[in-house]
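Here is a short set of exercises to work through with the model open beside you. Try each task before reading its solution.

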Amino acid sequence: QVQLVESGGGLVEAGDSLKLSCVASGRAFSTMGWFRQAPGKEREFVAGIAWITDATFLAHVVKDRFTISKDNAENTGYLQMNSLKAEDTAVYYCATSHSSHATTRDEYDSWGQGTQVTVSS
């Protein structure tokens, strides 16, 4: 099992930026991903990073505004969110997978507790 702790969420205005962090501990994994869930909606994939190769992949709706990265020394993943919109409002979760290019919820087996991001318009 991997333990994950997210931080960095908050209340911002449209157009602002936020950087989420996710500290991982425990067992090794192949991919760290970020998901988000808005009220009344399904949890959706946002971004992923392969922990060995640094390959990144992002959902189409955020690829021009969000960046995913990591710090090996800190075993921490980051989600940099720029030009935030009201529709980005959601609880953001980081998760880990043993798959190399995981983009679906079922491929992830460890989850953080989530951090709330609220964007006011």
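The exercises below go from the overall fold to the disulfide and then to the core.

This is a predicted model, where local features need pLDDT of at least 70, side-chain atom pairs count only at pLDDT 80 or more, and totals for chains, interfaces and linings use all residues. Residues are numbered from 1 along each chain as its sequence is written, and side-chain values use heavy atoms, with hydrogens and water left out.

**Exercise 1.** Count the helices and strands in the protein chain.

Step 1: take helices (H or I, at least four residues) and strands (E, at least two) as DSSP runs, numbered from the N terminus.
Step 2: the protein chain then has zero helices and 11 strands.

**Exercise 2.** Find the disulfide and say which parts of the chain the pair links.

Step 1: look for cysteine sulfur atoms within 2.5 Å, the rule for a disulfide; the count comes to one.
Step 2: Cys22 is joined to Cys94, with S to S 1.9 Å, and the link is right-handed, with 50° about the S-S bond.
Step 3: Cys22 lies in strand S3 and Cys94 in strand S9, 72 residues apart, so the pair links distant parts of the chain.
Step 4: buried means under 20% relative accessible area (1.4 Å probe, protein chains only); Cys22 is buried at 0%, and Cys94 is buried at 0% too.

**Exercise 3.** List the contacts of Met81 beyond its neighbours within four places in sequence.

Step 1: count heavy atoms within 4.5 Å as a contact.
Step 2: the partners of Met81 are Asp16, Ser17, Leu18, Leu20, Arg65, Phe66, Tyr92 and Val117.

Definitions and conventions:
Buried < 20%, exposed > 50% of the residue type's maximum accessible area, 1.4 Å probe, protein only.
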